[in-house]
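Thank you all for coming; I would like to take a few minutes to walk through a structure that may be new to most of you. Please have a look at it first, and then I will go through some of its parts.

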Amino acid sequence: MGKPDLSVEIAGIKLRNPVMTASGTFGYGKEFADYLDLERIGAIITKGLSLHPKAGNQTPRIVETPGGMLNAIGLQNVGIDAFIQEKLPFLRTVNTPVIVNLYGNTLEEYGELAEKLDKLPEVAGLEVNISCPNVKQGGIVFGTDPKAAYEVVSLVRQSTIKPLIVKLSPNVTNVVEMAHACVDAGADALSLINTLTGMAIDLQKRRPILANITGGLSGPAIKPVALRMVWQVAQAVEVPLIGIGGIMTATDALEFMLAGATAVQVGTANFLDPSAAQNIADGMEAYLEANGIADVKELIGALAT
Amino acid sequence: MQFKSMIISNIEVSPGYFRMKMTAPPAAGSASPGQFIMVRVRDAIDPLLRRPFGIFDLGTFATAYTDCGTQTYFEILYRVVGKGTDMLSSLHQGDVLDILGPLGKGFLPGDPSGEKILVGGGVGLAPLYYLAKEMVKTSRVRLFAGGRTKEDILCITEFERLGVETYVSTDDGTLGASGLVTEVLEKHLTAGIADKTIFACGPFPMLKATAEIAGRHDIPCQVSLEAYMACGVGACLGCVTKGRNHSNETPDYRCVCKDGPVFDYRELRWD
């Protein structure tokens, strides 16, 4: 048997392997170039981008929790114009698909941003963040109300012909309902899950640890929730899914594929091990080889229940 | 750079404060004073994140066990403050740690002819030792070390052995002068050489007071900040501090990990 085939395709974006880097955990790629080979991961998803530069929240913005971390960065980013001028030239030199995560304060901003990104040949696809739990306006409303989600995804759909991924929030009662709304509005793929809203308290000070009071929980602690949601959504929709949530190892990634994900995103793991994404991709290949599996696609949704 | 490092020693130098010496690859020897490393205290998901530590010392010793006949090592000086540092303090010689670094921007020593003034608060002394070691070769170096109590005054003998003139103060007066380190600093500034530079590391209020003194006396001053950080490479944006031009409309956040941890005090906002 030759080398196993790790390639997958998400909404027309061809990935050499299923491992992407999650938005907000991998900067604009360059930050990690010293630690891994950017051409050995499936895709780079950039830090959430808005129309105008965004300051983000006050500090403290992060706190570690058992098996995870809370963050409330507040979508600090350079804005689309600086992204094009300062960040894109490097990404252009890397032979790996670049997916831009985008975020708007208003419906109109989502549309305008998608239009601008649509014109950039370097951008392989868009991932729409309708689910950031850490900003006051916008995000959370779109991410938890199926009607609002339908509206924003429809508008982005009209503004771009690029592959359109929508990132779902887990902070809802019925994730399947949200998934349906996004697919009906024209999403080519769904990525899930974003962080779970949580908080941490300092007993001595009797104060919340994060300046924003609440933050998004990520890391191994949320993996079971993420697996459950990916599995539920996989039963309900036809579009490819990208599994996210506490993926630290190749085993974690392969579990998400069994649950129905076509690809995965590695997030928090990048923080503790900047070479995590590459190690996970290598580990997946080793698993396929060791188990005589010729094609990773055989595992997608192959969960026996 | 990411590498495995073996612990050479891990000694409690004062109650709750440890000094850990560990091996490093030869390339780590190029680290400059003020840079830091991120240590994974164990290969598990709890604690999840690495812990940042300033480089206390760095050097080589002769050994028969490497190809080049020398072994590069570095040391960190840390205080046990939580789960991560508690676990670190229980590690022994021969234990192996996963390290990221050297990271960030260090101190800029500047013109060797001037006087170098170090200001350290508690464990903030850590990066100043390696800096002093480099600077005593060419410059006059004075150290102002402060802490809440005598047990927070660390490694003063080591500084003195380098030839550094030391001024110790404690908030409760149990060692050295009674009062804040910045009060002692200002008292001793007046009768100095004209060409001075201040290098400070410690808690934020101490750095702020030091920055104010530097401003009043028009002395160049570099401060090393401490912050909670997740990645250490400028990606998570968890460790940011406000830059000089910061406003909500025109954000000017600097990453402590990547743009710092050492900053010219004029580059930051102190409110």
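I will talk about the core, one helix, and then the contacts between chains and domains. Please keep in mind throughout that this is a predicted model.

Let me begin with the largest nonpolar core, which has 186 residues, and in which A:C182, A:L190, A:V230 and A:V264 are those with the most contacts inside the core. Domain 1 (2–103) and domain 2 (115–226) of chain B both give residues to this core, so it lies between them. As for A:V264, if we leave aside its neighbours within four places in sequence, its contacts include A:P18, A:M20, A:I244 and A:F256.

A:C182 brings us to helix α5 of chain A, residues 175–184, where the buried residues are A:V175, A:M178, A:A179, A:A181, A:C182 and A:V183. What do these buried residues of α5(A) pack against? They pack against α4, β9, β10 and α6 of chain A, and just after the helix A:G186 takes a positive phi of about 115°.

Turning to the two chains, 31 residues of chain A are in contact with 22 residues of chain B, and on the chain A side the residues divide into 16 nonpolar, eleven polar and four charged.

Within chain B, finally, the centres of domain 1 and domain 2, taken over C-alpha atoms, are separated by 24 Å, while 15 residues of domain 1 are in contact with 13 residues of domain 2. On the domain 1 side of that contact, β6(B) gives the most, with four residues.

Terms used
Residues numbered from 1 in each chain as written. Chains lettered and ligands numbered in written order. Predicted model: local features only at pLDDT ≥ 70, side-chain atom pairs only at ≥ 80, totals over all residues. Core = buried A, V, L, I, M, F, W, Y, C linked by C-beta atoms within 7 Å. Buried ≥ 20, exposed ≤ 12 C-beta atoms within 10 Å, placed from the backbone. Domains from an automatic or database assignment. Contact = placed C-beta atoms within 7 Å. Nonpolar A, V, L, I, M, F, W, Y, C, P; charged D, E, K, R; others polar. Helix = DSSP H or I, 4+ residues; strand = E, 2+ residues; numbered from the N terminus.
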